[in-house]
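The following exercises ask you to read single residues from a model and to reason step by step about their surroundings. Please work through each task before turning to its solution.

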Amino acid sequence: MQIAEKVAVVTGGGAGIGAALAHALSEAGASVLVADLDAESATSVAAQISAAGSTRALSFGGDVSDPEVLEEIIGRAEAELGPVDIFFANAGTTAGLGLDTPDSQWDVALGVNVLAHVRAARLLVPKWIERGGGYFVSTASAAGLLTQIGSATYSVSKHAAVGFAEWLSVTYGDQGVAVSCLCPMGVETKLLRSGFQTDQPGASVAASAVTSAGAVLSPAEVATAVLAAMEEEKFLILPHPEVLDFYRNKGSDYDRWIGGMRRYQRHLMSNP
């Protein structure tokens, strides 16, 4: 995949990984639509890109778990920038935590972290097949390959995001649809620092499980890793390479891995 002269949509593009991706895409020569629930943040990122003068950038404020919003986003990109070549399903939420999480919070977690991906692919993949190609990039998490201590909703929804990306690649890869799945550990974002900060039991454990597991990367470092992986059309993007070792250990001896994660959880709970 060559980024130059392509049209890209980035959800969750108003901050963090999404904003870094939008800037990196523009620097590589792509036109970008920046979508975010926070319309002001999306507008700010698009304005920064436009001010640089290299490529065009648009913004859109809305909830990407809403099918009608996704239709509007893609429709505007097509009308003002051209056919969408690359879609970054990057918006995410840490809504919910443990077994007492109400269904309404499960609906939010699954809607943003999974169904928004499904609904975007439903709109784009048929067009890509007709045109002979397109690229879908799913932001999941290392939690989608391993687990998220302290948060059932995050762990389950990110596992589902990985599963959908796998299925999408297997099903449509021979028809020109490239798929990558981004699975980082800690990234220096507002979601990391405040996403799990609630008064609910287990919230602090969920946050510290991420920050103490390995290096906390900058969004720009992650964006660089994503674009490099896209050049090779690699499926699994791991800005933290050690995640692959963790994943192999999990698969080689599941019971031992679960025991290790229990010990890690006990350590976190005894050292808040």
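**Exercise 1.** Is T153 buried or exposed? Once this is settled, locate T153 in this predicted model and describe the polar contacts made by its side chain.

*Solution.* Begin with the accessible area: T153 has a relative accessible area of 0%, and because buried means under 20%, T153 counts as buried. Next, find its place in the fold, which is helix α5, spanning residues 152–172. Then turn to the side chain of T153, which reaches the backbone oxygen of A95 at 2.7 Å and also makes a polar contact with the side chain of S151 at 3.2 Å. Finally, setting aside neighbours within four places in sequence, the residues in contact with T153 are A95, G96, L97, T101, W106 and A109.

**Exercise 2.** Which sign does phi take in E5 and in E233, and where does each residue lie?

*Solution.* Start from the general expectation that most residues other than glycine have a negative phi. Against this, phi of E5 is positive, near 70°, and E233, which is not a glycine either, has a positive phi of about 55°. For the location, E5 belongs to the segment before β1 (7–11), whereas E233 sits in the loop between α8 (219–231) and β7 (236–237). As a last step, consider accessibility: E5 is exposed because its relative accessibility is 74%, while E233, with a relative accessible area of 44%, is partly exposed.

Notes: Residues numbered from 1 in each chain as written. Predicted model: local features only at pLDDT ≥ 70, side-chain atom pairs only at ≥ 80, totals over all residues. Heavy atoms only, no water. Helix = DSSP H or I, 4+ residues; strand = E, 2+ residues; numbered from the N terminus. Buried < 20%, exposed > 50% of the residue type's maximum accessible area, 1.4 Å probe, protein only. Polar contact = N/O pair within 3.5 Å; in protein donor to acceptor, adjacent residues only side chain to side chain. Contact = heavy atoms within 4.5 Å.
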